[in-house]
Amino acid sequence: MHSTNKKKVLVLPGSKLGVVEEFIPGKGTYEREGSIYSRIIGHANKDVVNKKVEIRPLTDNPILPSKDSIVTGIVSSVQGKAATLDIYQINAHTLKRPFTGMLHVSRCSPKYERGITDVCKLADLMKAKVVDDKDGFIKLNTVDANLGVIRAVCSNCGSFLVYKRNGLKCKKCGNFEKRKVSDDYFKKEL
Ligand SMILES: [Zn+2]
């Protein structure tokens, strides 16, 4: 058994910390089906005397995405009906370590989009709104005109794409690509 009452362990978001029978879920944690998990990167502080577990953030920047935050991220995967984004900016704050957010095809555009590949592609830079942050699972929305892809490169030749009506065009090879383009897309020629 532990010789001290407090034990510090480094944990990642989603790390299981214990069960509700052992601890009260404190700051930086969430509970799901009786188990307690970390929602941030930090040190788990398990106080066995007061039966409480909490996470002390590693960074001096303990900002978490919350509902209605505007975030900026890079598309890290595109599959089927959803894409994931590595969020590195929340409102005006740049994060030291990114969070993952999920964008489903049903929440990406004011019009019907059949597939997520018409919305964004891998490595695109996107601006999105957090619609839900329950259990540390961040769901995103890009319906508003100022949300969506803000910078993208050509799938064909890797040059920056320029804004055209209904999509993006590569000045170099002429490739035309569909995206859910934000009003804030970098419109100047690069
Ligand atoms: Zn091109």
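E33 is exposed, with a relative accessible area of 83%, where exposed means over 50% relative accessible area, buried means under 20%, and partly exposed covers what lies in between (1.4 Å probe, protein chains only). This residue belongs to a predicted model, in which local features need pLDDT of at least 70 and side-chain atom pairs count only at pLDDT 80 or more, while totals for chains, interfaces and linings use all residues. Residues are numbered from 1 along each chain as its sequence is written, and side-chain values use heavy atoms, with hydrogens and water left out. The protein has 16 strands and 0 helices, two domains in its domain assignment, and a zinc ion held by four cysteines.

**Overall build**

- The 16 strands and 0 helices are DSSP runs numbered from the N terminus, with helices (H or I) needing at least four residues and strands (E) at least two.
- The C-alpha trace spans about 70 × 30 × 25 Å along its principal axes, and of the 190 residues in the protein, 39% are buried.
- Of the contacts between residues at least 6 apart in sequence, 52% join residues that are at least 24 apart, where a contact means heavy atoms within 4.5 Å.

**The two domains**

- The domain assignment gives domain 1 as residues 6-57 and domain 2 as residues 70-177, and such bounds come from an automatic or database domain assignment.
- The centres of domain 1 and domain 2, taken over C-alpha atoms, are separated by 32 Å, and 5 residues of domain 1 are in contact with 5 residues of domain 2.
- About 460 Å² is buried between domain 1 and domain 2, with carbon and sulfur atoms giving 55% of that area; buried area here is the accessible area (1.4 Å probe) that two parts lose on being put together, summed over both.

**The loop between β7 and β8**

- L64 lies in the loop between β7 and β8 and is partly exposed, with a relative accessible area of 30%.
- Not counting residues up to four places away in sequence, L64 touches R39, I40, I90 and F99, whereas its C-alpha atom is separated by 40 Å from that of G174, which is 110 residues apart from it along the chain.
- D68, placed in the loop between β7 and β8, has a positive phi of about 75° although it is not a glycine, and it is partly exposed at a relative accessible area of 47%.
- S69 lies in the loop between β7 (52-57) and β8 (70-79) and counts as buried at 5% relative accessibility.
- The contacts of S69, leaving out residues up to four places away in sequence, are with I90, N91, A128, K129 and V130.

**Two further residues**

- E33 is placed in the loop between β4 (29-32) and β5 (35-38), and its phi is near 45°, a positive value in a residue other than glycine.
- I74 has its place in strand β8 and counts as partly exposed at 38% relative accessibility.
- Leaving aside neighbours within four places in sequence, I74 is in contact with T84, L85, D86, Y88, A123, D124 and L125, and the C-alpha atoms of I74 and K121, 47 residues apart along the chain, are separated by 9.6 Å.

**The zinc site and the cysteines**

- The protein donors of the zinc ion are the SG atoms of C154, C157, C170 and C173, lying 2.3 Å from it; donors are N, O and S atoms within 2.8 Å of the metal (3.2 Å for Na, K and Ca), and sites may look incomplete because water is not among the atoms.
- The 4 donor atoms subtend angles of 99 to 120° around the zinc ion, so the arrangement is tetrahedral, a label given to four donors if all angles lie between 85 and 135 degrees.
- For four tetrahedral donors, the ideal angle at a metal is 109.5 degrees.
- Along the chain the donors of the zinc ion follow the spacing C-x2-C-x12-C-x2-C.
- C157 lies in the loop between β13 (148-151) and β14 (161-164) and C173 in the loop between β15 (167-170) and β16 (176-177), so this pair ties together parts that are 16 residues apart in sequence.
- C157 is partly exposed, with a relative accessible area of 35%, and C173 also counts as partly exposed, at 35% relative accessibility.
- The count of disulfides, meaning pairs of cysteine sulfur atoms within 2.5 Å, comes to 0.
- C108 is in no disulfide, and the nearest cysteine sulfur, that of C120, is 7.6 Å away; C108 is buried, with a relative accessible area of 0%.

Notes: Tetrahedral: all angles 85-135°; square planar, octahedral: opposite > 155°, others 65-115°.
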